[in-house]
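Load the model in your viewer and keep the selection tool at hand. The stops below say what to select and what is found there.

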Amino acid sequence: MSCRENLDNLRAEIDSINFKILDLLNERARVALQIGKCKAELGISGFDPVREGGMLKRLLEKNTGPFEGEAVSAIFKDIFQKTLDLMDKQDRSVLKFSRLAQAENTVVRVGESEFGSGKFCVIAGPCSVESEEQIEEAAASLAGLGVKIMRGGAFKPRTSPYNFQGLGLPGLKLLYEAAKRHGLAVISEITDIRLLEKIYPYVDILQIGARSMYNYDLLKEVGTQDKPVVLKRHFGASLEELLLSAEYLLNAGSRKVILCERGIRTHERWVRATLDISAVPLLKQETHLPVIADISHAAGRRDILIPLAKAVQAVGADGLMLEVHPHPDMARSDGRQQLNMLQFAELLQALKLA
Ligand code: PEP
Ligand code: MN
């Protein structure tokens, strides 16, 4: 046989070995996925360094070359890693928030507003409901500026127990009445499971505040009702933790969950929290749920809100939340970060929304 013919034969042999390796690799992957399912049911992590070490050791003992141990190790470590990636993907496809479970965007409709359809929605209003006059003035101005959804806290989770705690249910009713007089939808925070029935009639969206993101009992309860929920990221929470909190709502039956980035704690002292702008595209990749950002509680100051709002819009968020007050200097909470109506109108113009 000529060398040329021999080369052709050897190449054909290599091709056939490649196919066998490919079949074996996929057979291995299918078995590994079954192991992954068993482990998930048992609540065991997919990654098992001890077992991996044992497998490698046995492979190296069996190895007769010509590949050296180092090469065998490298090849199998790659196989192990790719298998783990596959198991991760399988795990995530059973999570309800995941794009692997639902590829298309969830669209949450609130009146004329749509979160997740490609539109950019603005939620604005004062930090707290303070009086009938304040909330009426706010509602009238916001409606005049084209806002569709008004915020206002009635049950305020304050860091100090000595600070204004909100007007409670009477405040929520004032917010609702003012908003409805001006054709606005209402979002307000729920802090306590026991308040759900009382709050429910007076909101169009329920807000779970940053501090309550880890209150799983609250999430389980709020997830049983049918109104949209804005779930805010705790200032110490990873994105995965935020998504798993959303999973509690989804598991309880809720389908209308909107995620809200609102700044995380870093070493930076010139802002109240650091707006994590990368959270928006990362969340949009990972989940089909709409994503908005609250720039007011991130910045804690009003002078940088226009560039932050532009950033939120540019990075692909489905909307923006911010605090706007008819007279910020007289506000009973978060005065430093609230815009007055004129400043808010400028912000809307800068976003080309007015
Ligand atoms: C709020 O939006 O009223 C609020 C208290 O924000 P956070 O929960 O993000 O601190
Ligand atoms: Mn506030």
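In which helix is tyrosine 248 found? Select residues 239-251: this is helix α8, and tyrosine 248 is part of it. Bear in mind throughout that the model is predicted. Tyrosine 248 has a relative accessibility of 31%, so it counts as partly exposed. Now add aspartate 23 to the selection and draw a distance between the two C-alpha atoms: it comes to 39 Å, for residues 225 apart along the chain.

**Two domains**

Colour residues 3-92 as domain 1 and residues 108-350 as domain 2. The C-alpha centres of these domains are 48 Å from each other.

Go next to glycine 65 and proline 66, whose peptide bond is cis, with omega at about 10 degrees. Proline 66 sits in the loop that runs between α2 (49-62) and α3 (69-92). As background, most peptide bonds are trans.

Then select strand β2 (residues 113-115), where glutamate 114 is found. Its relative accessible area is 19%, and the threshold for buried is under 20%, so glutamate 114 is classed as buried. Show side chains here. Glutamate 114 makes a side-chain polar contact of 2.8 Å with serine 117, and another, of 3.5 Å, with the side chain of arginine 109.

**The manganese ion**

Centre the view on ligand 2, a manganese ion. Which protein atoms are its donors? They are SG of Cys127, NE2 of His297, OE of Glu323 and OD of Asp334, at 2.0 to 2.3 Å from the ion. Along the sequence these donor residues follow the spacing C-x169-H-x25-E-x10-D. Cysteine 127 belongs to the loop between β3 (121-125) and α4 (132-144), and aspartate 334 to the loop between β10 (319-323) and α12 (341-350), so the pair ties together parts 207 residues apart in sequence.

Cysteine 127 and aspartate 334 are both buried; for aspartate 334 the relative accessibility is 18%. Check the backbone of aspartate 334 as well: its phi is positive, about 50 degrees, although the residue is not a glycine. Most residues other than glycine have a negative phi.

**Ligand 1**

Select ligand 1 and display the residues around it: Arg151, Lys156, Glu189, Gln207, Gly209, Ala210, Arg211, Lys232, Arg262 and His297. His297 is also among the manganese donors.

Three pairs of atoms are worth labelling:

- a polar side-chain atom of arginine 262, at 2.6 Å from an oxygen atom of ligand 1;
- a polar backbone atom of alanine 210, at 2.7 Å from an oxygen atom of the ligand;
- a side-chain N or O atom of arginine 211, at 2.9 Å from an oxygen atom of the ligand.

Taken alone, ligand 1 exposes 290 Å², of which the protein buries 97%.

**Helix α12 and beyond**

Which residues of α12 are buried? Select Met341, Phe344, Ala345, Leu347 and Leu348. These residues span an arc of only 160 degrees around the axis, which places them on the same side of α12. Rotate to the face turned away from that buried side to find the exposed residues Leu342 and Gln349.

For the last stop, move to the segment after α12 and pick lysine 352. Its relative accessible area is 72%, so lysine 352 is exposed. The phi of lysine 352 is near 60 degrees, a positive value in a residue other than glycine.

Methods. Residues numbered from 1 in each chain as written. Chains lettered and ligands numbered in written order. Predicted model: local features only at pLDDT ≥ 70, side-chain atom pairs only at ≥ 80, totals over all residues. Heavy atoms only, no water. Donors = N, O, S within 2.8 Å, 3.2 Å for Na, K, Ca; no water. Helix = DSSP H or I, 4+ residues; strand = E, 2+ residues; numbered from the N terminus. Buried < 20%, exposed > 50% of the residue type's maximum accessible area, 1.4 Å probe, protein only. Domains from an automatic or database assignment. Near = heavy atom within 4 Å. Polar contact = N/O pair within 3.5 Å; in protein donor to acceptor, adjacent residues only side chain to side chain. Areas by Shrake-Rupley, 256 points an atom, 1.4 Å probe, with all protein chains shown as cover. Arc of directions from axis to C-beta.
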